[in-house]
Amino acid sequence: MLIFEKSVQGNISSAQAFKNPDSPELAFDQSALRDEAPLLPRVSELETVRHYTSLSQKNFCIDTNFYPLGSCSMKYNPAIAHQLATLEGFSGRHPQASDVASQGFLHCMYECQEYFRSISGMPGVALSPMAGAQGELAGVLMIKSYHKARQDDERTEMLIPDAAHGTNPATAQKAGFTVREIKTGPEGDIDIQALKEALGPKTAGIMLTNPSTLGVFEREILTVAQLVHDAGGLLYYDGANLNAILGKSRPGDMGFDVMHINTHKTFATPHGGGGPGAGPIMCSQRLIDFLPMPVVTKNAERYTWKTAKEAPQTIGRMSHNMGNAGVLLRAYIYMRLLGQEGMTRVSENAVLNANYMMKALQAHGFELAFPTRRASHEFIVTLKQLAKDKGVTALDFAKRLLDFGCHAPTIYFPLLVPECLLIEPTETESKRALDEAIAHFAQIFDEAHEQPSTVTSAPHSLPVGRVDEVLAAKNIKVRESELET
């Protein structure tokens, strides 16, 4: 229901009204007054609160529902990290405050850089990119600057696997590279022969996620690194799936030259919704001069910003100041709370939960995309046979899950797996929560075989049922006056 439908002429909410509208402090140019009253609903304050509270309760979110969104790591963000990051000394600090007035904050950011160095196995760190995608762009621009500094201007191609995140080819093209796709082998690894054929004097580098979006670890990563380096290219690590190997292996040790970290995926900071983000980047020694500025440096016991004046080869700034300070503080606090042993448990539990759920679904009859491989932090189920036999698609399955209070996993991605469900339970879910989710998946699987119309017509219990999404996209209506009464 729209809030306008609750509107009653004569209703008024006066809690926010000016107590003395004739006060000199409220004086303004009378020409700024409206000729007509704005089109606002006539509802009381209590009705307004209830309306929006009711709407919020219809949302699916990690705080209220199991949310196995593959490749996105929708895990619980501990409240204590938020509480500490919003202490007055942090939240009250002006972003342009001097170094002298920011020593406590700079101390935290310096330690945050040190933690990222240790975790990544790379000596160079910059915190300023304000999202994973922006960190990704920074890394690719660093690769471009590296080749330019060597006057190696023929390197115009970026190699990208066909299972890559969509941001990878978009970022490469944004940076001015031509994208060349590398196919995946039958068991989820990069096709080494296809890689060899693609490498050449035009190769600037390759962008990889390891484990990949197929939910498996790239077993030939050292061979890939050797081949790319021998051809004169560099390796970019998409840090989206770092939480699967945290404390177990490091991108720097695999041969990568630069990477970004999605703090919301690995270090439990706020995720999505168009809100704040952070995509810090790390790099090998050969790229360190090209890092975006500023970075935090330490001289004796004093912390300062290193700026572009001291780094003539920097790619420049990625944000006006130094990035989203509050998000970085949350990541820093999260790492401090866990310690090295705790961060290792993150990856161990993420992998354990994924494999537990994968094996349970396989035992019930679900078809795995890569049945011979162990899952990393996520795994892929394909419903191609179910779609062929019963007409139940991945979209139908996802819609039916909503009836059980369970958010759908990622569907139809990666694109090379037909009718796929990319499932990531994350390390923060308990065995009880996983067992409940497995039971829901199993029930829908049985329904799809015995009474497929129950699944193909879902959802049944939500305020909005199945909509024509294509029509909605082509004929979008955003004004209340356009809606049918």
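**Exercise 1. Establish which residues Gln113 touches, leaving aside those up to four places away in sequence, in this predicted model.**

Solution. Beyond its sequence neighbours up to four places away, Gln113 touches Val125, Leu127, Val295 and Val296. The next step is to place the residue, and Gln113 is found in helix α4, which covers residues 103–120. Its relative accessibility is 1%, and because buried means under 20% relative accessible area, Gln113 counts as buried.

**Exercise 2. Determine which residues touch the most other members of the largest nonpolar core, and which helix gives the largest share of this core.**

Solution. The largest nonpolar core has 55 residues, of which Met109, Phe116, Val224 and Phe267 touch the most other members. Helix α11 (residues 325–364) supplies the largest share of this core, with 10 residues. Taking Met109 in turn, and not counting residues up to four places away in sequence, one finds that Met109 touches Leu127, Val296, Met322, Leu328 and Leu329. As background, nonpolar side chains tend to be buried together in soluble globular proteins.

**Exercise 3. Classify the crossing of helices α5 and α6 by angle and by hand, and describe the residues that make the contact.**

Solution. The axes of α5 (residues 132–149) and α6 (residues 167–174) come within 9 Å and cross at roughly 50°. Because this angle is neither under 35 degrees nor over 145, and is also outside the range of 65 to 115, α5 is oblique to α6. The crossing of the two helices is right-handed. On the α5 side the contact is made by Ala133, Glu136, Leu137 and Val140, and on the α6 side by Thr167, Asn168, Thr171, Ala172 and Lys174. Sorted by character, the residues of this contact comprise 4 nonpolar, 3 polar and 2 charged.

**Exercise 4. For Ser71 and Tyr412, state where each residue lies and whether it is buried, partly exposed or exposed, and then locate the cis peptide bond that ends at Pro414.**

Solution. Most residues other than glycine have a negative phi, and most peptide bonds are trans. Ser71, although not a glycine, has a positive phi of about 70°, and it lies in the loop between α1 (45–56) and α2 (79–85). With a relative accessible area of 4%, Ser71 is buried. Tyr412 likewise has a positive phi, near 60°, and lies in the loop between β12 and β13, but its relative accessible area of 32% makes Tyr412 partly exposed. The cis peptide bond joins Phe413 and Pro414, with omega about 0°, and Pro414 is placed in the loop between β12 (410–411) and β13 (420–423).

How values were computed
Residues are numbered from 1 along each chain as its sequence is written. This is a predicted model: local features need pLDDT of at least 70, side-chain atom pairs count only at pLDDT 80 or more; totals for chains, interfaces and linings use all residues. Side-chain values use heavy atoms; hydrogens and water are left out. A nonpolar core is a set of buried Ala, Val, Leu, Ile, Met, Phe, Trp, Tyr and Cys residues joined through side-chain atoms within 4.5 Å. Buried means under 20% relative accessible area, exposed over 50%, partly exposed in between (1.4 Å probe, protein chains only). Helices (H or I, at least four residues) and strands (E, at least two) are DSSP runs, numbered from the N terminus. Contact means heavy atoms within 4.5 Å. Axes are lines fitted to C-alpha atoms, for helices over the stretch in contact, and angles run from 0 to 180 degrees between N-to-C directions. A crossing is left-handed if the near helix is turned anticlockwise from the far one by less than a right angle, and right-handed if clockwise. Ala, Val, Leu, Ile, Met, Phe, Trp, Tyr, Cys and Pro count as nonpolar, Asp, Glu, Lys and Arg as charged, and the others, Gly among them, as polar.
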